Amino acid sequence: MFHTSHIEISKSAYKKNIRYLKKLVGPDTVISSVIKGNAYGHGIENIVPLAEISGISHFSVFSASEALQANSIKSAHSTLMIMGLLDDEEIEWAIKNDVEFFVFDMGRLHKTIEIASKLKKKAHLHIEVETGFHRTGFDSDEIPELVQFLKKNQEHFYFEGLCTHYAGAESIANYVRIREQISLYRKYNRYFNRHNLIPARKHTACSAAVLTYPTTIMDMVRIGIAQYGFWPSTETQMFRFKKEPQNTNPLKRLITWKTRVMVVKNVEAGQFIGYGSSFLANKKMKIAIIPVGYSNGFSRSLSNMGRVLIRGKRVPVIGTVTMNTMTVNVSDIPNIEKGDEVVIIGKQKRMNISVASFSDLSSQVNYQTLTRLPADIPRYIVK
Ligand SMILES: Cc1ncc(COP(=O)(O)O)c(C=O)c1O
């Protein structure tokens with residue numbers, strides 16, 4: 001064992017999540033599995049094959065470097081789509097490899113058409129329109145020029161999609177803004193259609209939109225967090241709660257993060273534990289040193305706050321989390337031994353530590369906690 005911790009990824013949980021999401025979106029809607037951010041920390045190399053055996057054949061990434069990685073793993077039948085960064089050289093690579101990509105400014109569009117005509121190969125384009133998120137997307141005053149340019153250059157591209165992204169569909173506070181985005185997107189779609197530019201797929205929805213705004217489910221949906229078994233927010237979960245049979249949670253977490261006890265020792269009352277003086281033992285204590293610290297993705301803000309599971313008990317982190325270790329109070333586990341299993345995220349016997357509780361304590365959202373899990377922690381697929 002050459003690593004201080006490992007992550008297990010549940011194949012059956014992933015399959016259940018996809019089954020649930022497929023039922024929600026219906027048989028005519030394609031699910032694009034969003035695998036940016038190292039597949040939300042799960043590892044692109046793990047999720048792509050899992051998704052493919054679960055019936056997914058479309059993947060969304062942020063950058064060309066992620067696409068390059070996914071391209072070497074995916075099967076020949078699957079399609080990749082780059083939603084973000086792509087420089088000129090990468091456009092050429094994408095066209096040559098039939099990788100689809102978002103176009104959200106005239107500069108990228110001109111370059112794409114220039115390269116596609118030089119290569120004599122059509123580019124697979126998704127035109128992103130700005131509907132109110134204000135990140136990427138063509139603004140309303142650019143649309144007429146865009147449409148004319150697209151009409152003139154139709155022999156150089158496939159119009160694969162017309163898309164946009166919502167500005168926080170996971171929160172009811174954004175309801176008005178999301179509704180405005182939906183109606184603006186429809187308006188743009190009608191405008192494109194009037195000019196005989198018909199996208200193969202209309203797509204706007206991320207997980208939260210699929211779960212709470214059914215009208216956003218169009219020809220394709222781009223699902224990230226939900227496929228990994230997480231709710232985009234508690235509000236989203238509550239919205240669905242009443243609709244599920246027996247009010248069960250249909251989304252199953254894939255990951256369990258585990259390590260082992262490195263050292264067990266006793267500390268006398270009146271001693272400070274760890275760096276500085278943030279924790280004072282007020283009685284004789286038994287402590288365990290765990291070989292996971294902030295360099296391994298266990299946030300330093302969980303000092304004196306976090307919890308881990310050992311022998312089926314939830315035990316508190318005491319003192320400051322260091323670069324490579326944390327210390328936990330195991331006074332209530334008299335038979336604890338070096339080498340005992342420690343669960344940082346996941347279930348042990350009847351106890352559970354969710355990513356959400358971990359995230360809440362460290363003031364992060366699930367997305368952040370997951371994508372901050374270092375890529376070098378080994379991930380294993382389990383049943
Ligand atoms: C453009 C785009 N589409 C879809 C997604 C997937 O979002 P989620 O993980 O909430 O499903 C993201 C993620 O941030 C995104 O940037």
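A residue counts as buried here if 20 or more other C-beta atoms lie within 10 Å of its own. Keep that in mind for the views below, which come from a predicted model.

**View 1. V221, a buried residue in strand β9.** Let's start with a single residue. V221 sits in strand β9, and with 25 other C-beta atoms within 10 Å it makes the cut as buried, because the cut-off is 20 or more. Which residues does V221 touch, once its neighbours within four places in sequence are left aside? They are V25, T29, I31, S32, H203, A205 and V210. K36 is 185 residues away from V221 along the chain, and the C-alpha atoms of the two are separated by 15 Å.

**View 2. The ligand and the residues around it.** Strand β9 turns up again here. Around the ligand you'll find V34, M83, H165, C206, S207, A208, R222, I223, G224, I225, A226 and P232. Two elements, α9 (207–212) and β9 (220–223), each give two or more residues to this shell. Sorted by character, the shell has eight nonpolar residues, three polar ones and one that is charged.

**View 3. Two domains and the core they both feed.** Stepping back, the protein splits into domain 1 (11–242) and domain 2 (255–353). Their C-alpha centres are 42 Å apart. The largest nonpolar core has 100 residues, and the ones with the most contacts inside it are I35, I82, F101, V308, I310, V328 and I344. Both domains give residues to this core, so it lies between them.

**View 4. A closer look at I35, one of the core residues with the most contacts.** What does I35 touch, not counting residues up to four places away in sequence? The list runs I44, I47, V48, F59, S60, V61 and A70.

**View 5. Helix α6 and what covers it.** Helix α6 takes in residues 106–119, 14 residues in total. From its first C-alpha to its last it reaches 20 Å, close to the 20 Å expected at 1.5 Å a residue. Which residues of α6 are buried? Look for L109, T112, I113, I115 and A116. A bit of background helps with that pattern. An α-helix has 3.6 residues a turn, so residues three or four places apart point the same way. The cover over the buried residues of α6 includes the helices α5 (88–96) and α7 (143–152), along with the strands β5 (100–103), β6 (123–128) and β7 (157–163). Just past the end of α6, K120 takes a positive phi of about 55°.

Key: Residues are numbered from 1 along each chain as its sequence is written. This is a predicted model: local features need pLDDT of at least 70, side-chain atom pairs count only at pLDDT 80 or more; totals for chains, interfaces and linings use all residues. A residue is near a molecule or strand if its C-beta atom, placed from the backbone, lies within 6 Å of it. Helices (H or I, at least four residues) and strands (E, at least two) are DSSP runs, numbered from the N terminus. Ala, Val, Leu, Ile, Met, Phe, Trp, Tyr, Cys and Pro count as nonpolar, Asp, Glu, Lys and Arg as charged, and the others, Gly among them, as polar. A nonpolar core is a set of buried Ala, Val, Leu, Ile, Met, Phe, Trp, Tyr and Cys residues joined through C-beta atoms within 7 Å. A residue is buried if 20 or more other C-beta atoms lie within 10 Å of its own, exposed if 12 or fewer, and partly exposed in between; C-beta atoms are placed from the backbone. Domain bounds come from an automatic or database domain assignment. Two residues are in contact if their C-beta atoms, placed from the backbone, lie within 7 Å. The expected span of a helix is 1.5 Å times one less than its number of residues.
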